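Subject: A structure to look at

Hello,

I am handing over a structure that you have not seen before, and my notes on it follow below. Please open it first and keep it beside you as you read.

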Amino acid sequence: MGTMQLQLHPTLLPPSSTFRPKSIRSSNDRQALFSRIAPVYDNLNDLLSLGQHRIWKRMAVSWTGVKMGDRVLDVCCGSGDLSFLLSEKVGSDGKVTGLDFSRDQLLIASSRQHSKKHFRNIEWVEGDALNLPFDDGWFDAITMGYGLRNVVDKHKAMQEILRVLKAGSSVSILDFNKSNDSLTSSITEWMIDNVVVPVASGYGLSEEYKYLKSSIREFLTGKELEKLALKVGFSTARHYEISGGLMGCLVAKR
């Protein structure tokens, strides 16, 4: 199978608006934010997690139950880390689709793919997580890494994931954990203020990463995520806390 082409839709290109950290509300604002951080996104992930994000992502992929020959989707794929892990799991007879609303992130993902010969089963699609451009019941497994927290309508996003997932198949959603434990929440906020933002400022992105704390505050707890998944129609849902409760992964089966 040859390398798939990156599909770009001009109507979805990120706007050239000025960043306003207190008004990251619309999908256009969020699209612009992730396009701006795209060039340094991978380096920052490694620095800020001390490389641990690679372990978390392998765990998320494993929880989907993906197997050789499967057709799988990575929603909000960013620069492609989960997509590449899925590619290894499904093999040459499988198919991976990485979808994101940031063309800049997708271009980086595509360039990474070309540098590694064995990732020839991935197609990159620019699209909206709230309106997935796929048929009902199309995928054997779905992943979403650090994406659900950033969509403007989490209920709709979960409905769309459910719609395109085959019966009996699972989605694995990795993200920061909004903990009910005050100590864990305090540690997370301390790390953002004293580690994440200062490091990001070295890349000229301090304002962009200040958004992270507010997005976690507005996110759902593990129990709330489980309730959301069941409400939209998943048959089972379980949220796992990892890395001392700083991260979490929702695993839901259709």
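Which residue follows α9, and is its phi positive or negative? The residue after α9 is G233, and its phi is positive, near 125 degrees. Please keep in mind throughout that this is a predicted model.

**The chain as a whole**

The chain has 254 residues, and 52% of them count as buried. Its secondary structure comes to 9 helices and 7 strands. About 11700 Å² of the chain is exposed, with carbon and sulfur atoms supplying 52% of that area. If you take the contacts with a separation of 6 or more, 73% of them join residues 24 or more positions apart.

**The sheet**

An open sheet of 7 strands is a good place to start, with the order β3-β2-β1-β4-β5-β7-β6 and mixed pairing. The strands β3 (122-126) and β6 stand at the edges with a single partner strand each, so one side of each has no neighbour in the sheet. From one strand to the next, the twist averages 15 degrees.

Let me take the β3 edge before the other one. Here β3 pairs with strand β2 (residues 95-100) in the parallel sense, over 5 bridges. One of the bridge pairs joins V96 to I122 in β3. Although β3 is an edge strand, it is mostly covered, with 5 of its 5 residues buried. I122, W124 and E126 point one way from the strand, while E123 and V125 point the other way. That fits a general pattern: in a regular strand the side chains alternate between the two faces of the sheet.

At the other edge, β6 and β7 pair in the antiparallel sense over 7 bridges. To find the pairing on your screen, look for A237, which stands opposite A252 in β7.

**Two residues on neighbouring strands**

C249 is in strand β7, which covers residues 247-253. C249 counts as buried because its relative accessibility is 0%. Leaving aside neighbours within four places in sequence, C249 is in contact with A60, W63, S172, I173, L174, R238, H239 and Y240. R238 is 11 residues away from C249 along the chain, and the C-alpha atoms of the two are separated by 8.3 Å.

H239, one of those contacts of C249, sits in strand β6 (residues 236-242). Is H239 buried or exposed? H239 counts as buried, because its relative accessibility is 14%, and the cut-off for buried is under 20%. Residues up to four places away aside, H239 touches N177, G222, L225, E226, G248, C249 and L250.

**The helix across β6 and β7**

Helix α9 (residues 222-232) lies across β6 and β7, and it runs at about 160 degrees to β6. The buried residues of α9 are G222, L225, E226, L228, A229 and V232. Seen down the helix axis, these buried residues fall within an arc of 160 degrees, so they line one face of α9. They pack against α6 (154-164), β6 and β7. On the other side of α9, K223, K227 and K231 are exposed. Three of the residues that H239 touches, namely G222, L225 and E226, are among the buried residues of α9.

**Helix α3 and the loop after it**

In α3, the buried residues are H53, W56, K57, A60 and V61. Viewed down the axis of α3, they fall within an arc of 135 degrees, so they too line one face of their helix. A60 is also among the contacts of C249.

α3 is followed by G65, which has a positive phi near 75 degrees. T64 lies in the loop between α3 (53-63) and β1 (71-75). T64 is buried, because its relative accessible area is 7%. A polar atom of the T64 side chain lies 3.2 Å from the backbone nitrogen of V66. Not counting residues up to four places away in sequence, T64 touches A141, I142, T143, S170 and S172. S172 appears among the contacts of C249 as well.

I hope this helps you find your way around. Happy browsing!

Best wishes

Methods: Residues numbered from 1 in each chain as written. Predicted model: local features only at pLDDT ≥ 70, side-chain atom pairs only at ≥ 80, totals over all residues. Heavy atoms only, no water. Helix = DSSP H or I, 4+ residues; strand = E, 2+ residues; numbered from the N terminus. Buried < 20%, exposed > 50% of the residue type's maximum accessible area, 1.4 Å probe, protein only. Contact = heavy atoms within 4.5 Å. Areas by Shrake-Rupley, 256 points an atom, 1.4 Å probe, with all protein chains shown as cover. Pairing = 2+ DSSP bridges. Axes fitted to C-alpha atoms, helices over the stretch in contact; angles between N-to-C directions. Polar contact = N/O pair within 3.5 Å; in protein donor to acceptor, adjacent residues only side chain to side chain. Arc of directions from axis to C-beta.
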